[in-house]
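Thank you all for coming. I would like to walk you through one structure, taking the charged pairs before the nonpolar parts, and I will try to be careful about what can be said.

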Amino acid sequence: LACRRPQHRWYRRETAVNASEHGHPPAAVAWSVWGLAALLYLIGFYQRVAPAVMTDRLMQEFAIGASELGNLSAFYFYSYVAMQIPTGILADRWGPRRLLTAGAAVAAIGTAIFACSPDFWWASAGRLLIGASVAVAFVSMLKLATHWFAARQFALASGMALTFGVVGGVIAGVPLRMLIETWGWRPVMGVSAALTGLLSLAIWLRVRDDPRDLAHASHAPAASAGGQHGSILRGMAEVLSYRNIWILLIAPIGVAGAVLTFAGLWGVPYLRQVHGLETRSAAAITSLLLIAWAIGGPLLGTLSERLGRRRPLYVWTTAAALAGWLLIIFAPLSLWLLIVALLFTGLFSGNLIIGFAFAKESVPTRLVGTAAGICNMGPLLGGMLLQPAVGWLLDRHWRGATAAGARLYDASAYQAAFSLMAACIVVSLCLLPFARETGGRQTG
């Protein structure tokens, strides 16, 4: 062992020298490293919205109502949100590779527990583990993007991250429902656990924290490449001292939270019970909302880069999303007009990508990971708070109707419950004008 250590140090020095002699990594290499992290985010998004197509099965299996179902789904968000700050700190201090590998492994275990759960509490424990573990994906992706991609590509990578996530959401729509109808929800979740375990191995073998580990030049600024970090609490306090971070944390609670609440849980039963659709058709329509969300992310992120400004576009797109939800909730739309309104709303709700780039530029480079972790709490806080709150309001307006052991809610119940989503977006719209414009330039 003693004779091997000097060789190891020599190898590290040679790697650093070679990295300085080589150019930046080829695009194929950079995207493949980033893509494995994106696959874990895809799985996390798949798990996030999967309960939407099995609401009837879960209500029957565990004999629960809307409030309990909202909490079962939200257990994912409880742990996901709680993990965001430590994940950002660990991404800054320890690197994405170890976080992503461990996250995928624990997600596989949580999915297996959910698949085998004998009761509501074991199912909740599985969802809790899944949320805590996949929480590492998005922040790690942003951290990898700062090292593997040029700064001008950061908004594109953030938008592509949302695209990957929404692909997971689409898989959790009609395809998942068809699999559940054929095999049952437990075997399908068991297979999901096995695939997530395989991803953990692939991440460990392929992902590297910085291009220098593969003898390429890094895109990370020199100030952030050395790996020197101050106190964790001091770093958090410094990030939270920026006004923009507070605003960009709260704003997505309404905008993204409404999408996650509708597409992630309550949209499918709403379309079934109010518009008389079958579960597959309802899942297909909610998937369209997610697809529009995925398209809107990179489009709006790229547009904000071209404009060189963040705040005006964020404000106007939030206003457009609010208008879309008001039409969906209160206007007597036909099914086709409802689909158009959902596509419109999903497209403009992709503006959370502007918020991620906005947050990144609002703090010094050395604090990007921590800032990303804090601001990524916003969309998930929306799902965490709104999914059970909408369920609670549905139960408050329930008139006693049931079908096969599952509760049925009428149009007035859904209108009252969904009004809460619109109210949260109003709060977002009131806060955003107070954000300080960065002009697309990094602070510090």
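Let me begin with Arg407, which is partly exposed, because its relative accessible area is 27%. Please keep in mind throughout that this is a predicted model. The side chain of Arg407 meets that of Asp395 in a salt bridge, with 2.9 Å from N to O. Since Arg407 lies in strand E2, residues 406-407, and Asp395 lies in helix H19, residues 377-396, the pair ties together parts that are twelve residues apart in sequence. Asp395 itself is buried, with a relative accessible area of 16%.

A second pair belongs in the same discussion, namely Asp410 and Arg399, which form a salt bridge whose closest N and O atoms are 3.2 Å apart. Here Asp410 sits in the loop between E2 and helix H20 (411-431), while Arg399 sits in the loop between H19 and strand E1 (402-403), so this pair ties together parts that are eleven residues apart in sequence. As for their surroundings, Asp410 is partly exposed at 26% relative accessible area, and Arg399 counts as exposed at 68%.

How many salt bridges are there by this rule? The count comes to eight, and I will pick out one further example, in which the side chains of Glu181 and Arg177 meet at 3.1 Å, N to O. Both residues belong to helix H9, residues 174-183, and because they are four residues apart there, about one helical turn separates them. Glu181 is partly exposed, with a relative accessible area of 34%, whereas Arg177 is buried, at 5%. These two residues are also part of a network of salt bridges that links Asp56, Arg177, Glu181 and Arg280.

Let me turn to the interior. The largest nonpolar core has 138 residues, and those with the most contacts inside it are Met54, Leu176, Met189, Trp293, Trp325, Leu394 and Phe418. The largest share of this core, 18 residues, is supplied by helix H13, which covers residues 243-275. If we take Leu394 as an example and leave aside residues up to four places away in sequence, we find that Leu394 touches Ala66, Trp266, Tyr409, Ala413, Tyr414 and Ala417. As general background, nonpolar side chains in soluble globular proteins tend to be buried together.

There is, however, a nonpolar patch on the surface as well, formed by Leu288, Ile291, Ile295, Leu299, Leu343 and Leu347, which together have about 450 Å² of accessible area. Which helices each supply at least two residues of this patch? They are helix H14 (279-307) and helix H16 (335-349), and the largest share, four residues, comes from H14. One of the patch residues, Leu299, is placed in helix H14 and is exposed, with a relative accessible area of 52%.

Finally, a word on the cysteines. A disulfide is a covalent bond between the sulfur atoms of two cysteines, and in this model the count of disulfides comes to zero. Why is Cys375 in no disulfide? The nearest cysteine sulfur, that of Cys424, is 18 Å away, whereas a disulfide would need the two sulfur atoms within 2.5 Å. Cys375 is buried, with a relative accessible area of 1%, and Cys116, by contrast, is exposed, with a relative accessible area of 61%.

Technical notes. Residues are numbered from 1 along each chain as its sequence is written. This is a predicted model: local features need pLDDT of at least 70, side-chain atom pairs count only at pLDDT 80 or more; totals for chains, interfaces and linings use all residues. Side-chain values use heavy atoms; hydrogens and water are left out. Patches are made of residues with over 30% relative accessible area and no salt bridge: like charges are joined within 9 Å, nonpolar side chains (Val, Leu, Ile, Met, Phe, Trp, Tyr) within 5 Å. Accessible areas come from the Shrake-Rupley method with a 1.4 Å probe; for residues, only the protein chains shown count as cover. A salt bridge is a side-chain nitrogen of Lys or Arg within 4 Å of a carboxyl oxygen of Asp or Glu. Buried means under 20% relative accessible area, exposed over 50%, partly exposed in between (1.4 Å probe, protein chains only). A nonpolar core is a set of buried Ala, Val, Leu, Ile, Met, Phe, Trp, Tyr and Cys residues joined through side-chain atoms within 4.5 Å. Contact means heavy atoms within 4.5 Å.
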